[in-house]
Amino acid sequence: MNTNEIPLPKGLVTVNDPPLTARERKFSRLLLFFEDIVKVPLFGCQHCGECVLSSTAFVCSQRCPKQLRNGPCGGTGDDGSCEVYPERTCVWYKIYFRSQLLNRMSLLYKINKVHNWNLQGTSSWLNVFRKRIEAPIWFVPHDEQKVKGLIADDAERED
Amino acid sequence: MTLKEKIESNRFIVCGEIGPPQSCDGDVIRNKSKHFKGYVDAVNITDNQTAIARLSSIASAKILLDEGVEPIMQMTCRDRNRLAIQSDLLGAAALGIRNVLCLTGDHQKFGDHPEAKGVFDLDSIQLIATVATMNRGFLLSGFEMKKAPAFLIGAAANPFAEPFEMRIIRLHKKIQAGAHFIQTQPVFDLELFIRWMQRVVEMGLHEKTAILAGVLPVKSVKTLLWMKEKVPGVKIHDDYINRMKQARDPEEEGVQMAVEIIQTLRGIKGIRGIHLMPALWESITPTIIKEARLDMTN
């Protein structure tokens, strides 16, 4: 096995491109007011400004005590409880079963980028519009084949 | 032969584990290292495990290196942001540390400083990708370094936590990010572990990374019960608890159990080695290695 050939995920960090201007920040605050009306009651939005809801089957991953954006830690209980706050359900446990229900499993294989803390508290709608962050994925057609493809792709690359 | 070369060749790997002390006494590590030297391929150095402040993993790894034992430095995301992680990794590389195990880290709530701010700037998968990026000569800022480190990247996997299938997806992502080897949580439920390994082999993941199964020898039934209740994500089959309860000499039974688990693990397809975690019982390592016939050939 050659350990140097494992491919890297492209674009590991969300960078400040284009940079947030003072004017944009003001506008962002206004937009966030409306975003909050939708996202806080529905998803318990934590205002990361870098929304990954569409890849997490519309369960906010930022509610995890460790703010994990790429899957559960090793502490999920048998009943799906969070190890830090046992009275809560692990958000990734919810994400997994909701993804199954909504046929969005292929999105769980995606590596979400390192969070840009400059975007914390800004409107992700604006950030999507300004192409700082990826646009949400609304529909995932042929989810099952996609998962199979993802796994097969890796097998090919190895040969 | 370094751990990297051993993983690239097809030999069976045995790793150990040392927890640094809650003091500045480096001799604790030097003394513990004697139980591993010549018996295992490399030794993990934990990084403030269970969120308890201890002698740093970099310093401990350097002490091990000076003792002639190859260290695997654990690096968690709980205590450092991306600046500190990268600078610590560069420092470790400069000291000659070649192996790093990337972890998210236990939540600070479980440790001795529950009031602390948990950082979690990166998660374990992003940390793996960060180390892989550094290996290619770049920092996360995009800065190209004059000299790149050459870390062997490790990651952890827990086959025993729910949801089962999500664990496979996460393993897939870790390999995708660049993990060269995987250490699993201690195996106390062989049935479930075999089921997990079957899925891993089915997906061909065992060919892309070296999977080292965790083995934790226990001294008493008390430890087993404590782990079952207090350590999240550890599943312990009732057979083991009953065996330890009925044992005349629990220590001997503990060794016997570990040896049996190792021998079963060796026969499972896709297993490249074991990761022995004799927590607070380092002195038992040589006995287990000998009884399980894992004696080193180097």
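**View 1. Where chain B meets chain A: 38 residues from chain B and 34 residues from chain A make the contact.** This is a predicted model, so keep that in mind for every view here. On the side of chain B that touches chain A, the elements giving two or more residues are helix H1 (3–8), helix H5 (124–135) and helix H6 (164–177) of chain B. H6(B) puts in the largest share of that side, with 8 residues. Sorted by character, the chain B side has 15 nonpolar, 13 polar and 10 charged residues. As for scores, the model comes with ipTM 0.92 and pTM 0.94.

**View 2. Chain A on its own, with 4 helices and 0 strands.** Follow the sequence along and you get α-α-α-α. Chain A has 159 residues, and 37% of them are buried. Take the contacts in chain A with a separation of 6 or more: 68% of them link residues 24 or more positions apart.

**View 3. The barrel of chain B, closed and built from 8 strands.** The order is E1-E2-E3-E4-E5-E6-E7-E8, and the pairing is parallel. From one strand to the next, the twist averages 30°. Helix H5(B) packs on this sheet, where it touches strand E3 (71–76), E4 and E5 of chain B. The direction of H5(B) makes about 150° with that of E4(B). Chain B has a mean pLDDT of 93, with 99% of its residues at 70 or more.

**View 4. Strand E5 (residues 152–157) of chain B, wrapped up by its surroundings.** Here 6 of the 6 residues are buried, so E5(B) is largely enclosed by the rest of the structure. Look at one side and you find B:Leu152, B:Gly154 and B:Ala156; on the other sit B:Ile153, B:Ala155 and B:Ala157, and all are buried. Both faces of the strand are covered, in other words.

**View 5. The neighbours of E5(B): E4(B) and E6(B).** Strand E4 (residues 99–103) of chain B runs parallel to E5(B), joined by 4 bridges. In this pair, B:Asn99 stands opposite B:Leu152 of E5(B). To get from E4(B) to E5(B), the chain goes through H5(B), a right-handed β-α-β crossover. Strand E6 (residues 181–186) of chain B is also parallel to E5(B), again with 4 bridges. Two spots to look for in E6(B) are B:Thr184, opposite B:Ala157, and B:Ile182, opposite B:Ala155. E5(B), H6(B) and E6(B) form a right-handed β-α-β unit, and H6(B) is the helix that gives 8 residues to the side touching chain A.

**View 6. Strand E2 (residues 42–45) of chain B, covered on both faces.** B:Ala42 and B:Asn44 lie on one side, B:Val43 and B:Ile45 on the other, and all are buried. Strand E1 (residues 13–18) of chain B pairs with E2(B) in the parallel sense over 4 bridges, and B:Gly16 has B:Val43 as its bridge partner. Helix H2 (residues 27–33) of chain B joins E1(B) and E2(B) in a right-handed β-α-β unit. E2(B) and E3(B) also run parallel, with 3 bridges between them; one to pick out is B:Asn44 with B:Ile72. Helix H3 (residues 57–66) of chain B completes a right-handed β-α-β unit with E2(B) and E3(B).

Note on methods. Residues are numbered from 1 along each chain as its sequence is written. Chains are lettered from A and ligands numbered from 1 in the order in which they are written. This is a predicted model: local features need pLDDT of at least 70, side-chain atom pairs count only at pLDDT 80 or more; totals for chains, interfaces and linings use all residues. Two residues are in contact if their C-beta atoms, placed from the backbone, lie within 7 Å. Ala, Val, Leu, Ile, Met, Phe, Trp, Tyr, Cys and Pro count as nonpolar, Asp, Glu, Lys and Arg as charged, and the others, Gly among them, as polar. A residue is buried if 20 or more other C-beta atoms lie within 10 Å of its own, exposed if 12 or fewer, and partly exposed in between; C-beta atoms are placed from the backbone. pLDDT is the predictor's confidence in each residue, from 0 to 100. Two strands pair if DSSP finds at least two bridges between them. A crossover is right-handed if, with the strands pointing away from the viewer, the path from the first strand over the helix to the second runs clockwise. Axes are lines fitted to C-alpha atoms, for helices over the stretch in contact, and angles run from 0 to 180 degrees between N-to-C directions.
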